[in-house]
Amino acid sequence: MNPQREYRFLEQTLSLCPQCLMRVDAKIVLKKNSVYLLKFCPVHGPQEEILEKDGDYYLQRMKYDKPATVSKTQTERTLGCPFDCGLCPEHEQHTCNGLIEITSECDLKCPVCYAESGQGRHLALEKIDSMLDFFVDSEFGGAEILQISGGEPTRHPDILEILRRAKEKKIKYVLLNTNGLRMAEDEAFVKELSRFIGGFEVYFQFDGFDPKTDQRLRGRKVSELKQAAIQRLEQYGIPVTLVTTVDAGVNDHEIGRILEYGIRAKNIRGINFQPVAFFGRHHEAVTEGRATLSGILEEIEKQSKGMLLKKDFFPLPCDVDRVAITYLYKTKKGFVPLTRNFKAEKHLPMIRNTFRFDPDDFLKDLAKNIFSTSCCDYLGFFSKLRKLIPQNYFLKTEQEKVAYVSENTFRVSVTSFLDAYNFDMKSMKKECVHIITPDLKKIPFSAYNILYRNRKTEAETVPEKKQ
Ligand code: SF4
Ligand code: SF4
Ligand SMILES: [Zn+2]
């Protein structure tokens, strides 16, 4: 009898060789219910990388896919993806999240920092202002989410003015990405931040409680300081989303405890878990057994004591490969997932290409799409939504709305990024987190960190032996 392959071939794609960054052929295959990328570099030979731990999750995610939203583009199609960023006309999703790195200075020197931050320079206020205007214009006059990032953005001397200007532009939601250290030490600063409440959130790096986790991911013990900062933000009613980098064998055992902590704190609106990516300071990869999106969902189910099941999550339509999400709401018996027994794929028209959750928008979309879904689905959905949003919600002040959403809802998401190891070009083209660069381009986050960061000219972004 002829021998059989040890895997099932799923599809063909293009990837990168992590050693020479040449674009190489790759197959996506299913083996023992996990999904792998099999590549071949003519110089560096065959390579195998894990894409997703759970093959079932991977295979069903496309049900949630929907047509993309379009952004304006800044470059031409010349060399092919990922060497034409961007955005080039080949990119398949608009900017859900625009990220501006206002400084490369940081008070930590994390071993996993993709930006390799430490000592650095601040961008000038006027430059940042022009980047904000560019971002809004590139989204046809109304942008979704802006992340003010770095380095550590709270080190920028004009941080409050930058936030003030960002809030004045046509951007729906402004996030401040931070390691939180300044918030633990500087109460006056936190008080100033509270002026921005409403369409503003602190996106707070938080990896766990174990000093070993801190040491491995952040280079020093910081967890207690961060908890003090979160308390201070709570004192001023400032909403927070925790962002947790998950490194297999380092802090994946802390997922349950982080969830518990997040849900208990009044001002924490949600947690975003991110499998660690191998670029920047962390480019020396041991990718075998690495954390993946679906692997983290399994850990959430195992460690949340039944509160969350893997099937409560659905792939976010704006980027089904890389974002899984669920929303919980508060009941007398504790937090319950809104999505339990709810077929999200039937409600795709109502789920925008964004991962912000805003009850005002949600209800407006619901009203607009009432005729495109069947009546029963609509009623079933609306009765669930009603539990989440009380009738007097729209009468509340902005501050009260923020407090209500923070206390009564909770969002758990997992977002993965691509590095040169797990690079799948199809997935690259759908990436919706984009870096806004000082020369007014938008470069998808993964492509930026693999190829464009620290490169000064366009020519330098193209490896010599590119196909
Ligand atoms: S990642 Fe997107 S913007 Fe960059 S080259 Fe590929 S399609 Fe174009
Ligand atoms: S990961 Fe964040 S906190 Fe750590 S060095 Fe980089 S910018 Fe600073
Ligand atoms: Zn190679």
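This passage describes the nonpolar cores, the aromatic contacts and the ligand surroundings of a predicted model.

We may begin with the interior. The largest nonpolar core holds 63 residues, and Leu242, Phe273 and Ile300 are the members that touch the most others. Helix α2, spanning residues 125-138, supplies the largest share of this core, with seven residues. Ile300 gives a handy view of how the core is assembled: once its neighbours within four places in sequence are set aside, Ile300 is in contact with Ile255, Leu259, Phe273, Leu308, Phe313, Val412 and Val414. Phe273, then, appears both in this contact list and among the three residues that touch the most other core members. Apart from this core lies another, made up of 23 residues, including Cys81, Cys85, Ile443 and Ala447.

Aromatic pairs come next, and the structure holds eleven of them. Two are worth a closer look here. Tyr114 and Phe279 pair edge-to-face, with 6.4 Å from centre to centre and 90° between the planes. Tyr114 belongs to the loop between β5 (97-101) and α2, while Phe279 belongs to the loop between β10 (268-275) and α9 (293-303), so the pair ties together parts 165 residues apart in sequence. The two partners can also be described by their accessibility: Tyr114 counts as partly exposed because its relative accessibility is 25%, whereas Phe279, at 5%, counts as buried.

Phe278 and Tyr421 likewise form an edge-to-face pair, here with 6.3 Å between centres and 75° between planes. This pair, too, links distant parts of the chain: Phe278 sits in the loop between β10 and α9, and Tyr421 in the loop between β14 (409-415) and α13 (425-429), 143 residues apart. Both Phe278 and Tyr421 are buried. Returning to Tyr114 and Phe279, ring pairs link these two with Phe417 and Phe445 into a cluster.

Rings also meet charged side chains. The charged end of Lys31 is placed over the ring of Tyr36, 4.9 Å from the ring's centre. Similarly, Arg195 lies over the face of Phe196, with 5.6 Å to the ring centre.

Finally, the surroundings of the ligand can be described. Ligand 1 is surrounded by Cys81, Pro82, Asp84, Cys85, Leu87, Cys88, Glu90, His91, Met428, Lys429 and Pro444. By class, this shell comprises seven nonpolar residues, one polar residue and three charged residues. Cys81 and Cys85 provide a link back to the interior, as they surround ligand 1 along with the other shell residues and are also among the members of the 23-residue core.

Note on methods: Residues are numbered from 1 along each chain as its sequence is written. Chains are lettered from A and ligands numbered from 1 in the order in which they are written. This is a predicted model: local features need pLDDT of at least 70, side-chain atom pairs count only at pLDDT 80 or more; totals for chains, interfaces and linings use all residues. Side-chain values use heavy atoms; hydrogens and water are left out. A nonpolar core is a set of buried Ala, Val, Leu, Ile, Met, Phe, Trp, Tyr and Cys residues joined through side-chain atoms within 4.5 Å. Buried means under 20% relative accessible area, exposed over 50%, partly exposed in between (1.4 Å probe, protein chains only). Helices (H or I, at least four residues) and strands (E, at least two) are DSSP runs, numbered from the N terminus. Contact means heavy atoms within 4.5 Å. Rings of Phe, Tyr and Trp (its six-membered ring) pair if their centres lie within 6.5 Å; planes under 30 degrees apart count as stacked, over 60 as edge-to-face and the rest as tilted. A charge sits over a ring if NZ of Lys or CZ of Arg is within 6 Å of the ring centre and within 35 degrees of the ring normal. A residue is near a molecule or strand if one of its heavy atoms lies within 4 Å of it. Ala, Val, Leu, Ile, Met, Phe, Trp, Tyr, Cys and Pro count as nonpolar, Asp, Glu, Lys and Arg as charged, and the others, Gly among them, as polar.
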